[in-house]
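User: Hi! I'd like to learn how to read helix packing and strand pairing in a model. Could you walk me through it?

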Amino acid sequence: MNRSIPRLAVVPSLFVLAAAQLVCAQNSSADSGKADEMKLVGQPQTGQTAAGESQESLPNLVRRVKPSVVSVLTYDAKGEPLISGSGFFIKPGEVVTNMHVIRGAHRVEIHTLDGKGRTYPVAGALAVDEEADLALLSVELPAERSRPLTMASTLPDEGEQVFVIGNPLRLEGSVSDGIVSAVREVPDLGRIIQITAPVSHGNSGSPLLNMRGQVIGIVTVKVTNGQNINLALGVARIISLTKDKLMSFDQVAARNKSITQPELLAELWYRGGIDSLWLGNYDSALSYFETAANRNPRRPETWIQIGYCKVKQGRNDEAIRAYKRALQLKPSSADAYNKLGDAYFYGAHFGEAIDAYRQAARLRPEQAEAYYNLGLAYLEIGDRESALAQSRLLEPLDPDLNRKLLAELKR
């Protein structure tokens with residue numbers, strides 16, 4: 001198997017969207033069983049769909065949300081331009097973009113897209129999430145110039161229509177549309193949304209929006225082994241960004257300089273595995289993660305990823321051993337317990353699955369997924385009363401996921 005680290009490139013295609021009336025929104029049903037993709041809830045707007053639901057036209061949506069999108073411009077210490085990307089306001093004075101857009105920058109500016117546009121300095125980074133390739137920027141501009149976008153509360157359906165506004169190839173404010181072609185999970189990262197909407201260099205950091213004008217993800221383009229795949233990270237990871245003390249861009253660049261050589265090599269292999277997971281290539285990802293574990297066996301996240309890939313391959317017993325290794329290194333990991341429960345569940349060891357899910361719920365009682373998983377596991381052993389008890393715990397945390405559990409209870 002080829003163990004070389006894939007070279008990331010960007011998709012060269014770009015379409016500028018002509019104004020058009022969108023007359024139908026697909027509303028596909030969520031998968032049954034263990035699938036945990038959640039359905040977006042519609043809300044009345046203008047225009048009619050085939051199902052009778054009202055919906056805003058795409059040109060109107062673009063006009064409404066475009067002022068919230070910005071171009072991100074970066075410069076080196078000599079003031080020479082580096083790369084450009086996209087971003088969008090999530091709060092007054094706060095813009096989110098991809099971390100790789102600002103990596104290595106000494107100075108950063110944003111350029112707004114409302115009217116003729118204005119350029120404003122970026123004071124620094126309020127939060128950095130290397131794993132998710134996210135950076136939260138603090139922008140010095142009048143409050144009325146900030147127009148935060150609304151974050152969607154649930155994931156899109158496969159086949160759902162979406163659109164992107166960004167700055168590909170420095171063509172500011174370009175619009176493209178398409179559908180959601182797949183939604184995948186990457187453990188310790190979140191949901192990855194694969195889209196058909198064309199994107200290109202400069203679209204990194206663009207908002208991915210549903211037909212209500214809500215953000216459902218942030219665009220990150222990855223191309224591996226000749227595969228041109230347009231991807232976005234689900235909005236939940238953006239919402240989870242935690243602000244810290246404002247950092248200058250020189251401080252951001254200095255964050256990783258203390259990493260040892262073995263740790264750096266392990267990190268490179270780990271990120272190669274993450275890239276493969278973005279593309280849904282579990283065989284390739286496993287190869288990367290196993291190499292990363294050989295370089296640095298004391299990183300629990302690596303063992304979680306190994307277990308996840310082995311579950312996808314149907315090697316549940318090996319996955320259980322990997323998750324247990326992760327828990328030896330990090331006994332407080334609710335994610336490891338939840339994934340361990342999955343490995344037991346798929347191996348038809350429902351009692352052990354219940355024990356693992358209980359530990360996940362104990363460690364992170366606000367995590368809805370653990371109660372949903374518990375409910376399904378109880379149903380497998382015929383304990384409907386206990387499954388119903390999980391539904392009562394799940395309802396205030398995630399009503400949409402609870403409806404899925406109730407649907408299973410009614411079967």
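User: Let's start with helix packing. At what angle do helix α7 and helix α8 pack?

Analyst: Happy to help! Two packed helices are described by the angle between their axes and by how far apart those axes are. In this predicted model, α7 covers residues 300–312 and α8 covers residues 316–329. Their axes are 8 Å apart, at an angle of about 165 degrees. Angles over 145 degrees count as roughly antiparallel, and α7 and α8 are therefore roughly antiparallel to each other.

User: Is the crossing of α7 and α8 left-handed or right-handed, and which residues make the contact?

Analyst: α7 passes α8 in a left-handed crossing. On the α7 side, the contact is made by P300, W303, I304, I306, G307, Y308, K310 and V311. From α8 come N316, E318, A319, A322, Y323, R325, A326 and L329. Sorted by class, this contact has eleven nonpolar, two polar and three charged residues.

User: Now the next pair. How do α8 and helix α9 pack?

Analyst: Read this pair in the same two steps. Helix α9 spans residues 334–346, and α8 packs with α9 at an angle of about 160 degrees, the axes being 9 Å apart. That makes α8 roughly antiparallel to α9. Their crossing is left-handed.

User: Which residues of α8 meet α9?

Analyst: In α8 they are N316, A319, I320, Y323, K324, A326 and L327. These meet A336, Y337, K339, L340, A343, Y344 and Y346 in α9. By class, that contact has eleven nonpolar residues, one polar and two charged.

User: On to strands. In what order do the six strands of the barrel close?

Analyst: The general idea is that strands of a sheet pair through backbone hydrogen bonds, in either a parallel or an antiparallel way. Here, six strands close into a barrel in the order β1-β2-β3-β6-β5-β4, with antiparallel pairing. Neighbouring strands of this sheet are turned by 40 degrees against each other on average, direction ignored.

User: Can we zoom in on one pair? Over how many bridges do strand β4 and strand β5 pair?

Analyst: Three bridges, in the antiparallel sense, link β4 (residues 107–112) and β5 (residues 119–129). For a spot to find on screen, look at H111, whose bridge partner in β5 is T119.

User: And the whole chain: how many helices and strands are there?

Analyst: The protein chain has 13 helices and twelve strands. Of its 411 residues, 56% count as buried. Among contacts between residues at least 6 apart in sequence, 63% join residues at least 24 apart.

Conventions:
Residues numbered from 1 in each chain as written. Predicted model: local features only at pLDDT ≥ 70, side-chain atom pairs only at ≥ 80, totals over all residues. Heavy atoms only, no water. Axes fitted to C-alpha atoms, helices over the stretch in contact; angles between N-to-C directions. Helix = DSSP H or I, 4+ residues; strand = E, 2+ residues; numbered from the N terminus. Parallel < 35°, antiparallel > 145°, perpendicular 65-115°, else oblique. Left-handed = near helix turned anticlockwise from the far one by under 90°. Contact = heavy atoms within 4.5 Å. Nonpolar A, V, L, I, M, F, W, Y, C, P; charged D, E, K, R; others polar. Pairing = 2+ DSSP bridges. Buried < 20%, exposed > 50% of the residue type's maximum accessible area, 1.4 Å probe, protein only.
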